[in-house]
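Take a moment to turn the model around on your screen. We will start with one helix and work outwards from there.

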Amino acid sequence: MSIDPEIAVGASLGVREFEWSASDVILYHLALGATELRYAFEPQLTVLPTFGIVAPTFHATEPPAVVFPGIDIDLASTLHGSQQITVHNPLPVNGKARACGRIADVYDKGSAAVIVTEYEVADPAGTPLYTMRGEIFARGHGGFGGQRGPSARTTAPDGPPDTELVTETLPQQALWYQLCGDRNPLHVDPEFAARAGFPRPILHGLCTYGMVYKSIVDYLGTAVPEFQARFAGVVFPGDTLRTKLWGGRFETYVDDRLVLTGAAGTPAAPA
């Protein structure tokens, strides 16, 4: 069995110690297309909080493996389902930290499984930096008799959005973003993408996630401490993202396809 919930749920994912430099932060920002000096010039560098999600694996050079206690799944059958980060303290430009992870839950959706992971990240002194929670959607791995879990459906916000933010992705975006530690061939190799059921390589979900977060931050003029998003559809490098914002709620589209939906904290709207 590829999933044994009795072993998996609550299992520790261990402790990972990691560090980063200003160069890592700048590379991450540039991979998102963030070329403003506050994102790309060290004397005035501000770290986008979403960097924290990739920081523990930023220097990885091998494709990720979906192998955890009680779980062993082919990478080609998985997609990123959702991602959330809650920031407790600002990330320094250069830093060290340790991430303690666990499998928070495993849901049986019938035709698929959803694996929920959670990490608490703190600096070497034990000061909390951020919490991140993510879901891996594994096609064809349901039916193991587990709980179905909460519904992923959300209700569209009422009324017209406060604003619509336009973000261009580039044809080479995934080639840049793979340098942030995600070497999943789904995003660069046409043959692997075809095996996974896609006509061509798709953009990393966390690249879309980071680009949308940045667009909202730039609009609001301030970072937001919590950012949660569900990946509702695929984005191909070169697509144009259109993010509709209602207060802290948002939906991101490519043409008329919903690709991302979620919430970006509750900061005050800009004057």
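Begin with helix α2, residues 22–31. Seven of its 10 residues are buried, so α2 is largely enclosed by the rest of the structure. Keep in mind that this is a predicted model. Which residues of α2 are the buried ones? They are A22, D24, V25, I26, Y28, H29 and A31. A general rule helps in reading such a list. An α-helix has 3.6 residues a turn, so residues three or four places apart point the same way. What do the buried residues of α2 pack against? Their neighbours are strand β1 and four helices: α3 (37–40), α4 (51–54), α5 and α7 (205–220). Just after α2 comes G33, with a positive phi of about 85°.

Now step back to the whole protein. It has seven helices and 12 strands. The C-alpha trace spans about 55 × 45 × 35 Å along its principal axes. For 271 residues, a compact globule would have a radius of gyration near 18 Å; the protein has 18 Å, which agrees. Of the 271 residues, 46% count as buried. The exposed surface comes to about 12,700 Å², and carbon and sulfur atoms supply 52% of it. Look also at how the chain meets itself. Take the contacts between residues at least 6 apart in sequence: 72% of these join residues at least 24 apart.

Next, follow the strands. β1 (residues 12–20) pairs with β5 (residues 95–108) in the antiparallel sense, over eight bridges. Within this pairing, V15 has C100 as its bridge partner. β5 also pairs with β6 (residues 112–122), again in the antiparallel sense, over 10 bridges. There, I103 stands opposite T117. β5 and β6 form a hairpin with three residues between them. In its turn sits G110, with a positive phi of about 90°. As you trace a strand, remember one general point. In a regular strand the side chains alternate between the two faces of the sheet.

Further along the chain, look at β10 (residues 240–246), β11 (249–254) and β12 (257–263). β10 and β11 pair in the antiparallel sense over five bridges. R242 has Y253 as its bridge partner. Two residues lie between these strands in their hairpin, where G247 takes a positive phi near 60°. β11 pairs with β12 too, in the antiparallel sense over six bridges. In that pairing, the bridge partner of E251 is T261. β11 itself is mostly covered, with five of its six residues buried.

β11 and β12 form a hairpin with two residues between them, and D255 is in the turn. What is notable about the phi of D255? It is near 55°, a positive value in a residue other than glycine. Most residues other than glycine have a negative phi. Is D255 buried or exposed? Its relative accessibility is 68%, and exposed means over 50%, so D255 counts as exposed.

Turn to the aromatic rings. The structure holds nine aromatic pairs. One of them joins Y213 and F227: the ring centres are 5.0 Å apart and the planes stand at 70°, so the pair is edge-to-face. This pair links distant parts of the chain. Y213 lies in helix α7 and F227 in strand β9 (residues 226–231), 14 residues apart. Y213 is buried, at 1% relative accessibility. F227 is buried as well, at 1%. Elsewhere, F18, W20, Y28, F51, F58 and Y177 form one aromatic cluster. You have met Y28 already, among the buried residues of α2.

Last, find D182. Where does it sit? Its place is in the loop between α5 (173–177) and α6 (190–195). D182 is partly exposed, with a relative accessible area of 23%. Leaving out residues up to four places away in sequence, D182 touches P64, H187 and H204. The D182 side chain also reaches the backbone nitrogen of N184, at 3.1 Å. Now compare positions in sequence and in space. D182 and F18 are 164 residues apart along the chain, and their C-alpha atoms are separated by 16 Å. F18 belongs to the aromatic cluster you have just seen.

How values were computed. Residues are numbered from 1 along each chain as its sequence is written. This is a predicted model: local features need pLDDT of at least 70, side-chain atom pairs count only at pLDDT 80 or more; totals for chains, interfaces and linings use all residues. Side-chain values use heavy atoms; hydrogens and water are left out. Two strands pair if DSSP finds at least two bridges between them. Buried means under 20% relative accessible area, exposed over 50%, partly exposed in between (1.4 Å probe, protein chains only). Contact means heavy atoms within 4.5 Å. A polar contact is a pair of N or O atoms within 3.5 Å; within protein, one must be able to donate a hydrogen and the other to accept it, and residues adjacent in sequence count only if both atoms are side-chain atoms. The radius of gyration is taken over C-alpha atoms; the globule rule is 2.2 Å times the number of residues to the power 0.38. Accessible areas come from the Shrake-Rupley method with a 1.4 Å probe; for residues, only the protein chains shown count as cover. Rings of Phe, Tyr and Trp (its six-membered ring) pair if their centres lie within 6.5 Å; planes under 30 degrees apart count as stacked, over 60 as edge-to-face and the rest as tilted.
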